[in-house]
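I opened this notebook to go through the annotated positions and then the nonpolar interior. My entries follow in the order in which I looked things up.

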Amino acid sequence: MQVDVLLGLQWGDEGKGKIVDVLCPEYDLIARFQGGPNAGHTLEFDNKKFVLNTIPSGIFNEGIMNLIGNGVVIDPIILKRELDNLKTAGFDPVGKGNLVLARKAHLILPTHQLLDAASESKMGAGKIGSTLKGIGPTYMDKTGRNGLRVGDTTLPDFKERYEKLKEKHLSILSHYGEIPDFSEKEQAFLAAIDYIKTIPHVDSEHLVNQYLKSGKSVLAEGAQGTLLDVDFGSYPFVTSSNTTTAGACTGLGVAPNKIGKVYGIFKAYATRVGGGPFPTELHDEVGEELRKLGHEFGATTGRARRTGWIDIPALKYAIMLNGVTELIMMKADVLDTFDKIYACTHYKHDGQVIDYMPYEIITNEAEPVLEEIQGWNQDLTGITSESEIPEALKNYISYLEKALEVPITFLSVGPDRKQTLSLSK
């Protein structure tokens, strides 16, 4: 068996949680491999809506194990809150035993969040657009070999390790000015540490590979999006982890030759949260209409998302980096009322017309070359079969498949898990 990977091809918010929920009955293990509580994976079913920040999106399916992998950074307070909310809603992953934590996953401390806020404030107009969840400082401690991990919580000297790292953070924060009182959050953190000790801790690399050796199926669930990858995204306006297929290897401990299908998810248009380049961004009433129709506000932060037309050069880049084998198009229904839609086919950049993302796209912005496409101007939310798809939408799908050279195998026409069509190829 091999590990299949599901990840976003744009700047995040593509709808990964919904599709994991749709696909997970085919799998024995769903594993988050990077990111942290800056993720907001939204799932809707049975007239209920859930937003998951850290927990894998397979958690609502009976008999499926869910792993928070070693590449994830965990805020114990947020994880406990998520689990408490699920229990209130009638789901109890801890009681049912279908959630495990990687011992090697790093912990987000309250002082990581203070560092995040202080750093972002210091940057002023050049700020990254951080969610202020402490993600970046936690990954910095990880690569700096100072971090605390889930497995450390069971060691007899955990408190001493915590105090040592906290003191390091306070020393840094003293250079930013007055340090806010975080005693209440610290108490909640330590209480949440006791709570997560009740969740089984595993060596995730052994668990995943044992599943594969036993002939069981594994789906790796990505967070954020390819264009936010710390190495290949629009740096420095990126997240702090590898959001690509390669990140699944390091974030779970699987070899590259163990990767199977790679599902690439994208919206029928494009969005971005926070700062950074966005060549197809719309600053007019059309962009506002996309935001309104698509309910484009962050599931975690509530921030309004920037909106624009679909960007083919960016998608081609993401497909190349990830080795995408199947495409999944989300939110086609948001474009229901448009007579005409547009796709960016090239960029005008530095006096040239190019079809790839240039290195210098921050200060030297790329101008999109747009191609007009006929809209379908028809409500999609009620269709239940491929035969009901309007001809204009079929043409749009074919147009994208030709440009991207990868088949679109699923089409989402609404937020509910039932509003997902499998396309014959």
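I began with the UniProt record, an unreviewed entry, which places the feature "active site" at Asp13, His41 and Lys142. I then looked at how these positions are spread in the model, which is a predicted one: they span 130 residues in sequence, and the farthest two C-alpha atoms are 25.6 Å apart, so they do not all gather at one spot.

I turned next to Asp13, which I found in the loop between strand E1 (3-8) and helix H1 (16-23). Its relative accessible area is 28%, so I noted Asp13 as partly exposed, the class between 20% and 50%. Setting aside neighbours within four places in sequence, I listed Lys267, Thr271, Val273 and Arg305 as the residues in contact with Asp13.

For Lys142 I made the corresponding entries: this residue sits in helix H5 (residues 135-143), and with a relative accessible area of 29% Lys142 is partly exposed. Not counting residues up to four places away in sequence, I found that Lys142 touches Asn70, Gly71 and His106.

I then looked up the nonpolar interior, where the largest core has 90 residues, and where Met329, Leu393, Tyr396 and Leu411 have the most contacts inside it. Helix H12 (residues 391-404) gives the most to this core, with six residues. I followed up Tyr396, which touches Ala268, Ile310, Met329, Ile341, Ile373 and Trp376 when residues up to four places away in sequence are not counted. Apart from this largest core I recorded another, of 14 residues, including Ile30, Ile64, Tyr263 and Ile328.

Conventions: Residues numbered from 1 in each chain as written. Predicted model: local features only at pLDDT ≥ 70, side-chain atom pairs only at ≥ 80, totals over all residues. Heavy atoms only, no water. Core = buried A, V, L, I, M, F, W, Y, C linked by side-chain atoms within 4.5 Å. Buried < 20%, exposed > 50% of the residue type's maximum accessible area, 1.4 Å probe, protein only. Helix = DSSP H or I, 4+ residues; strand = E, 2+ residues; numbered from the N terminus. Contact = heavy atoms within 4.5 Å. UniProt positions renumbered as here; feature names shortened; annotations may be inferred.
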